[in-house]
Protein chains: 2
Amino acid sequence: MSYCYLNGSFLPTAEASLHLNDLGLLRGFAIFDYFRTYNGIPFRQELYLQRFINSAKLMGLEVPITIGGLTEIVAEVHQLSQRHDAAFRLLLTGGYTADSITPGIPNLAVMCEPLPAEVPARFAEGISIITADHLREMAEIKTTNYMKVILLAPQIKSAGAFDVLYHHQGEVSELSRSNFFIFKGDTLITPNANILFGITRRTTLELAGKHFRVEERPLLLEEVWSADEAFTTGTIKKVMPIVKIDDHLINKGVVGRRTQLLQNEFDRFAGLIG
Amino acid sequence: MSYCYLNGSFLPTAEASLHLNDLGLLRGFAIFDYFRTYNGIPFRQELYLQRFINSAKLMGLEVPITIGGLTEIVAEVHQLSQRHDAAFRLLLTGGYTADSITPGIPNLAVMCEPLPAEVPARFAEGISIITADHLREMAEIKTTNYMKVILLAPQIKSAGAFDVLYHHQGEVSELSRSNFFIFKGDTLITPNANILFGITRRTTLELAGKHFRVEERPLLLEEVWSADEAFTTGTIKKVMPIVKIDDHLINKGVVGRRTQLLQNEFDRFAGLIG
C-alpha cells in the first residue's frame, strides 16, 4: 500500500484528499517535483528538493517546512510504503481559497509511488517521437500545467510514438516531461531556454564533460534533422535514445555509440552497473 | 451553508473532496464554468452549460450527463443552499489517474456559491487596470489555468488597479477573467481571437447592435491608448467601465455615456431595472 504525507499527517494515499476549493484544483495554481530511488536510495534528493523549494518561491508560495524536514517526510512515506525502490511526488498548491482566486495557506503533499515499469527495448533500441509547436508557460517552474501533452496523447499514440518534442518559431525546447539533446559529431548540444532544468539533464552534462564538447544554447529544429544522434533525459527515462523524430530517422534509426556511452556513464553513476 | 454535487451525490461543499490523484490537481487538466442568478433565476443558463459541454469536448473529456441533467443538479444545489441569489461553479477534471498522466473517468462537481459582494463605485466610477504581455494557452477553452493572474496579483495591487489586460505582440486579447471593449466614436470594438467567448460579451454585443456600429476584430494596444471609452464584461463584472489603463486616462478618467447606455441596457436585460 502506498502512503503519503498531507499537511502534517501520514496516511494511505488512497485515503488522502483535498477539498474542492483548493487553488491547485480550481485554478491550476500548484507546483510539484518528482524523484526516485536507485538501489533503495533517493537519487540526488537534495537537488530535487532545492528545485521544489525554488519553484515554490517563484510562484510566491511559502513552503511550510525545511529541506531537512522534507527529507524526513520522504524517508517516512518510503518506509511506510514498504517498497525498496520507489518514486516520490511532492505537491504544493495555492491552498484553500476563500474567493476562488486568492491563495490561502499552501497544501503540501508528499506521495510515495511505485516506479513505472521499465521497457528495456526503449533503452536498447531507442524511441520514436513527434514534434509539436508549443511554448510552455513558465517552463522553468515545475508547475502542474501539462494540458498540452494530455491533449496530444491521441496524436502521439496514432503516430506510434512515445513522446513529443516541443518547438516554437523554429526553436526547440524540450519533450513533454524530459530534456532533449543531440550530437553533431563529438559535440553534445542541448537547449538552455524555455525548459525545466532537469536533474538528469544536469547529471548527464556533468558526465558528458569528460568525453565531449558540450554546448548549452538555443537549438534550431533545422539542426535536429541533421543530428548524428539524439536522446532525452528524465527521472524515469534516464538517458533514452531517440531514433526517429516525425518522419526523420536519426542515425539511420540505430542507437549511436556516443549515446550508449552516456547511458553507461549514467547507469554507473546511479549505481545500476558496477 | 453551501451545497454541491459531486459525482452523483449532494453534500455540503465543505465536506466534498477529491483524491490526490485527480488529474485536475496533479496535471492542471480540468475545465470549469461559472454563472449566476438575477432575481433568483440563473441567467442565460443554457448558454453557460453549452459552453461547459463544449470546453469538455475540446479537452476530450466526456461529460457524464446531459444539459437537462446539469440543469436539474444546478436547481438542486441552489435549493439546498437556501440562497435567493447565488453563483454556480461547474468543474470537470480528467478524473483519477492510474499513472499520473492518463485521464480516468472525469470527476464532475457543481457548487453553489454566494455571489461576491458588489462594490457600487466600480460600476459608477469605473476601474483602473494594468497591462501585461501574456497569451493564454487555448484561451477559447475554459480551463482552470489561471497561474498568470495569481502571479500578477501583487503587481495589480501595488498599482492600485483592479485587474490586468493581456496583450501579445501588440495585440490585445482580454482581461484576466473578462472580455474587453473600446469605443472609437460610436463604433464598439472588441477582440475576436485568443479570448474566452463570454456570455456577458455576447449579451452586450446583442444589446449594442441596436445603438452602435460593432466590430469584432483584432485590436491593437496602440488603438487602446486613443480609445474614447473602454469597458470590460463578465459574469460578475457585468458591464464595468475602465477609466485608466496603466498611466493612460480613458475619457479623462470619467465613465463615458456610451458605456453607461450599455450598462443600463444590460441591467434592464438582466431584470435589475425596470
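In this predicted model, strand E1 (residues 3-6) of chain A pairs with E2(A) in the antiparallel sense, over 4 bridges. Within that pairing, A:Leu6 has A:Ser9 in E2(A) as its bridge partner. Helix H2 (residues 45-58) of chain A packs on the sheet and touches strand E4 (30-38), E5, strand E6 (87-93) and strand E7 (107-113) of chain A. The direction of H2 makes about 180 degrees with that of E4(A).

## The sheet in chain A

Let's step back to the whole sheet. It is open, has 6 strands in the order E2-E1-E7-E6-E4-E5 (chain A), and its pairing is antiparallel. Which strands stand at the edges? They are strand E2 (9-12) and strand E5 (41-42) of chain A; each has a single partner strand, so one side of each is left without a neighbour in the sheet.

Helix H3 (residues 67-81) of chain A lies across E1, E2, E4, E6 and E7 of chain A. This helix runs at about 40 degrees to E7(A).

## The sheet in chain B

Now for chain B. Here an open sheet of 6 strands has the order E2-E1-E7-E6-E4-E5 (chain B), again with antiparallel pairing. Strand E2 (9-12) and strand E5 (41-42) of chain B stand at the edges with a single partner strand each, so one side of each is left without a neighbour in the sheet.

Looking inside the sheet, strand E1 (residues 3-6) of chain B and strand E7 (residues 107-113) of chain B are joined by 3 bridges in the antiparallel sense. B:Leu6 has B:Ala109 as its bridge partner in E7(B). Helix H3 (residues 67-81) of chain B packs on the sheet, where it touches E1, E2, E4, E6 and E7 of chain B, and its direction makes about 40 degrees with that of E7(B). Helix H2 (residues 45-58) of chain B lies across strand E4 (30-38), E5, strand E6 (87-93) and E7 of chain B, and runs at about 180 degrees to E4(B).

## Where the chains meet

How many residues of chain A are in contact with chain B? The count is 41, and they touch 41 residues of chain B. Between them the two chains bury about 3,700 Å², with 68% of it on carbon and sulfur atoms. A:Leu20, A:Arg27 and A:Met147 supply 21% of the area that chain A buries against chain B, more than any other three residues.

## Aromatic rings and charges

Over all chains, the count comes to 22 aromatic pairs. One of them joins A:Phe183 and A:Phe231, whose ring centres are 6.1 Å apart and whose planes stand at 45 degrees, so the pair is tilted. A:Phe183 lies in strand E11 (residues 179-184) of chain A and A:Phe231 in strand E15 (residues 229-234) of chain A, so the pair ties together parts that are 48 residues apart in sequence. A:Phe183 is buried, with a relative accessible area of 0%, and A:Phe231 is also buried, with a relative accessible area of 0%.

The face of A:Phe183 also has a charged residue over it: A:Arg258 lies at 6.0 Å from the ring centre. Elsewhere, the charged end of A:Arg136 sits over the ring of A:Tyr146, at 4.5 Å from its centre. A:Tyr38, A:Phe43, A:Phe266 and A:Phe269 form one aromatic cluster.

## A covered helix

Is helix H6 (residues 199-208) of chain A mostly covered or mostly open? Mostly covered: 8 of its 10 residues are buried. Among the buried residues in H6(A) are A:Ile199, A:Arg201, A:Leu205 and A:Ala208.

## Three residues of chain B

The table sets out place and exposure for a few residues worth a look.

| Residue | Place | Relative accessible area |
|---|---|---|
| B:Asn7 | loop between E1 and E2 of chain B | 39%, partly exposed |
| B:Gln82 | loop between H3 and E6 of chain B | 73%, exposed |
| B:His248 | strand E17 (residues 248-249) of chain B | 33%, partly exposed |

B:Asn7 has a positive phi of about 50 degrees although it is not a glycine. For B:Gln82, phi is near 50 degrees, also a positive value in a residue other than glycine.

As for B:His248, its contacts, leaving aside neighbours within four places in sequence, are with B:Trp225 and B:Val243. B:His248 and B:Ile129 are 119 residues apart in sequence, yet 9.9 Å apart in space, C-alpha to C-alpha.

Methods:
Residues are numbered from 1 along each chain as its sequence is written. Chains are lettered from A and ligands numbered from 1 in the order in which they are written. This is a predicted model: local features need pLDDT of at least 70, side-chain atom pairs count only at pLDDT 80 or more; totals for chains, interfaces and linings use all residues. Side-chain values use heavy atoms; hydrogens and water are left out. Rings of Phe, Tyr and Trp (its six-membered ring) pair if their centres lie within 6.5 Å; planes under 30 degrees apart count as stacked, over 60 as edge-to-face and the rest as tilted. Helices (H or I, at least four residues) and strands (E, at least two) are DSSP runs, numbered from the N terminus. Buried means under 20% relative accessible area, exposed over 50%, partly exposed in between (1.4 Å probe, protein chains only). A charge sits over a ring if NZ of Lys or CZ of Arg is within 6 Å of the ring centre and within 35 degrees of the ring normal. Two strands pair if DSSP finds at least two bridges between them. Contact means heavy atoms within 4.5 Å. Axes are lines fitted to C-alpha atoms, for helices over the stretch in contact, and angles run from 0 to 180 degrees between N-to-C directions. Buried area is the accessible area (1.4 Å probe) that two parts lose on being put together, summed over both.
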